[in-house]
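Biologist: Please bring up the model, and let's walk through it together.

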Number of protein chains: 2
Amino acid sequence: MQNPNLPLTAVIMAGGKGERFWPKSRVRCPKQFLSLTGDGETMLQKTFKRISRLVPPEQVYVVTNGEYMDLVKSQLPEVPESNLLREPAARNTAPCIALAAAVIAKRCGDALMLVLPADHLVRHEPICADVLERAAAAAAEKDAMVTIGITPTYPETGYGYIAFSDADSGGTGVYEVDCFKEKPDLETARQYVESGNYLWNSGMFAWKASTYLKAIREHLPAVADITDRLQEACDTPGFEKTLLEQFPQMPSISVDFGVLEHEKTLYTIPGSFGWDDVGSWPSLRRVARTDTNGNYRDGDVVTFGTKNCVFSGGKRLIAAIGLDHIIVVDTDDALLVCDVDAAQNVKKITEMLREQGRGELL
Amino acid sequence: MQNPNLPLTAVIMAGGKGERFWPKSRVRCPKQFLSLTGDGETMLQKTFKRISRLVPPEQVYVVTNGEYMDLVKSQLPEVPESNLLREPAARNTAPCIALAAAVIAKRCGDALMLVLPADHLVRHEPICADVLERAAAAAAEKDAMVTIGITPTYPETGYGYIAFSDADSGGTGVYEVDCFKEKPDLETARQYVESGNYLWNSGMFAWKASTYLKAIREHLPAVADITDRLQEACDTPGFEKTLLEQFPQMPSISVDFGVLEHEKTLYTIPGSFGWDDVGSWPSLRRVARTDTNGNYRDGDVVTFGTKNCVFSGGKRLIAAIGLDHIIVVDTDDALLVCDVDAAQNVKKITEMLREQGRGELL
């Protein structure tokens, strides 16, 4: 069934506004545009580099908020401007991917799409590329949606899980998905990990544009109608106008909830390549190098009797004494000091600042 | 015995180089020149204001390191320049006071001296002034050295103690000192406080210049010889040269260890006026106003779930989440984050910086 001529494209979703990396991430420059691991490469650039192992730059699409278009252009000069797709409004992932599918279908007739969030980290890039390549092949061969699952290494409660069928894959490593599970509590997460039948939902997918368009026609007809109009207008002088008028009319819905959970047959490929969604400051201790005391250090940091901390520095010296499980993030106009176990409350601070009318700090 | 015409002078000792308030205090601008309590008044200015209740500016003397002379001039424009006495080298308190006594004796013949450190805080200034006034009167009447003791309110291990005689003072509130005690361990400090016979050694004293000069002649003859030469040269064209040559030859010794502990008869007046030597960052929680969660806040600070902390801000917002017993000090070029119980290790950081040749941060 595989069409050997089907081109391979990548769609990087870069429209997120995540506040969990405040004060480094700001409304005007969210997480995906930051270099959080201190190596000078932003999350978006890492994602592009990752996918470049498989897809040439002219087949890479980036979907993002209009506000971030200049950031994307300056961080990914290799990607043709016509491949930078603008979401006139935030409508979650199902419409985001629909926009990309419409453009790709118009330009290529049909194509394989590797869909990736712009703000995750991967430690073992070659293994990841291999899994993505196999996912694309499976999506083509089975004419089905394929999601990349991650073999869980601990009972994380911050991820969604995929229950997969334990039927023999016949050596292909491609399994049918039983169902998706929302973020579990710790006890449930432990059971998931112990059972061996659950994977982390990575938010990375492979499918043909035509498969996705067919799926939204079935599960999200309102999205499909607008997507048809976008495809029709794509690469005509009226596209910008149509996009501005039509896109905001789509419902805000995730691809998981709006499409995948309704698909009767879909597949997962379990991967294990040091993936992490880097959801908040404490996760840097998981994904990046730490010192012998378990401290993640980015910047000019001097410590004494300090362990299990996260330091993300700015221009100044950070001196830490006697700290355990503390996050310190230094920027020009705001400083965050936070207990590791309270990192989910960063948004309480940004809410307070918003209420106080201090938008310049957000 | 009291000479009603004896003028009252004050000697403020402002030569300290304390590193315990790093990074706000720096070698070039130590604690006494900082406004640590966030009210814009420096410790030195507060000390001057305190003593101004009793002593006119032209009778106030400040002894300090040559490096700090400009700081003193700018912070205390009221004090005549000829009363700013320069220590050519750091020689601890006995020589510091000897220099002041020499100048005062030369100019006034004799005078009462109220001797005060420049870097302590007092909450109840009128009560403090009253105790100092009574101490001066007792020093004149008894022709003896009088030290201000502080009725201890808790078993502080960071202060020296004064054991005083429980003989009835005859309503004068002036007691004989039995002996001085070094900083005790916690158990000993508890016994001291419970006994009722111990006071904190505040480092504030009252005596006549002639009494002090007599005492050093007896207990520190090497200091006394040089002091005589300084007194001789004072207010002559050769004073600067004599000071530069002679002062550094004095031994480095404290007035407690070199003089007071050897005096057969000396007195103490117990006072209770919210005195604190503000020895380190955690002490700000004792001496200054805290919020309902026990946080000391100076600067632009937003907190969530945070208690018992010390925030000393700079130009930027400090956001604190889930912290307990943490010190955060923000300056333009260095940031300190420190557990309250580890504050004594601030010097470990300054030592490291010195070893690393980063003197610009000290």
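Biologist: Which residue in S15(A) is the bridge partner of A:Thr303?

Modeller: This is a predicted model, where local features need pLDDT of at least 70 and side-chain atom pairs count only at pLDDT 80 or more, while totals for chains, interfaces and linings use all residues. Residues are numbered from 1 along each chain as its sequence is written, and chains are lettered from A and ligands numbered from 1 in the order in which they are written. Strands (E, at least two residues) and helices (H or I, at least four) are DSSP runs numbered from the N terminus, and four bridges join the parallel strands S13(A) and S15(A). In S15(A), the partner of A:Thr303 is A:Ala320.

Biologist: What angle does the direction of H11(B) make with that of S13(A)?

Modeller: H11(B) packs on the sheet, where it touches S13 and S15 of chain A and also S17 of chain B. Angles run from 0 to 180 degrees between N-to-C directions, with axes as lines fitted to C-alpha atoms, for helices over the stretch in contact. With S13(A), the direction of H11(B) makes about 135°.

Biologist: Now to that sheet: which strands stand at its edges, and why is one side of each left without a neighbour?

Modeller: The sheet is open, has mixed pairing and follows the order S13(A)-S15(A)-S17(B)-S16(B)-S14(B)-S12(B). Two strands pair if DSSP finds at least two bridges between them. Each edge strand has a single partner strand, so one side of each lacks a neighbour in the sheet; the two are S13 (301-304) of chain A and S12 (296-298) of chain B.

Biologist: Which residue in S17(B) stands opposite A:Ala320?

Modeller: Here the strands come from two chains: S15 of chain A (residues 317-321) and S17(B) run parallel, joined by five bridges. Opposite A:Ala320 in S17(B) stands B:Val337.

Biologist: Which strands form the edges of the sheet that contains S17(A) and S15(B)?

Modeller: That is an open sheet of six strands with mixed pairing, in the order S12(A)-S14(A)-S16(A)-S17(A)-S15(B)-S13(B). The strands that pair on one side only are S12 (296-298) of chain A and S13 of chain B.

Biologist: Staying in chain A, which residue of S16(A) stands opposite A:Ser312?

Modeller: S14 (residues 310-312) and S16 (residues 326-330) of chain A pair in the parallel sense over three bridges. Opposite A:Ser312 in S16(A) is A:Val329.

Biologist: Stepping back to the chains, which element supplies the largest share of the side of chain B that touches chain A?

Modeller: In contact (C-beta atoms, placed from the backbone, within 7 Å) are 30 residues of chain B and 29 residues of chain A. S13 (301-304), S15 (317-321), S16 (326-330), S17 (334-339) and H11 (346-355) of chain B each supply at least two residues of chain B's side. The largest share, six residues, comes from S17(B).

Biologist: And how many residues of that side are nonpolar?

Modeller: Ala, Val, Leu, Ile, Met, Phe, Trp, Tyr, Cys and Pro count as nonpolar, Asp, Glu, Lys and Arg as charged, and the others, Gly among them, as polar. On the side of chain B that touches chain A, three residues are polar and six charged, while the nonpolar ones number 21.

Biologist: How far apart are the axes of H3 and H7 of chain A?

Modeller: Among the residues making this contact are A:Ala98 and A:Leu99 of H3(A) and A:Leu230 of H7(A). H3 (residues 93-108) and H7 (residues 221-233) pack at an angle of about 35°, and their axes are apart by 9 Å.

Biologist: What is omega at the cis peptide bond between A:Trp22 and A:Pro23?

Modeller: Most peptide bonds are trans. A:Pro23 sits in the loop between S1 (8-13) and H1 (43-52) of chain A. For the cis bond that joins A:Trp22 to A:Pro23, omega is about 5°.

Biologist: Last one: is A:Asp143 buried, partly exposed or exposed?

Modeller: A:Asp143 lies in the loop between H4 (125-142) and S6 (145-150) of chain A and has a positive phi of about 50° although not a glycine. A residue is buried if 20 or more other C-beta atoms, placed from the backbone, lie within 10 Å of its own, exposed if 12 or fewer, and partly exposed in between. A:Asp143 has 15 other C-beta atoms within 10 Å, so this residue is partly exposed.

Definitions and conventions: Two residues are in contact if their C-beta atoms, placed from the backbone, lie within 7 Å.
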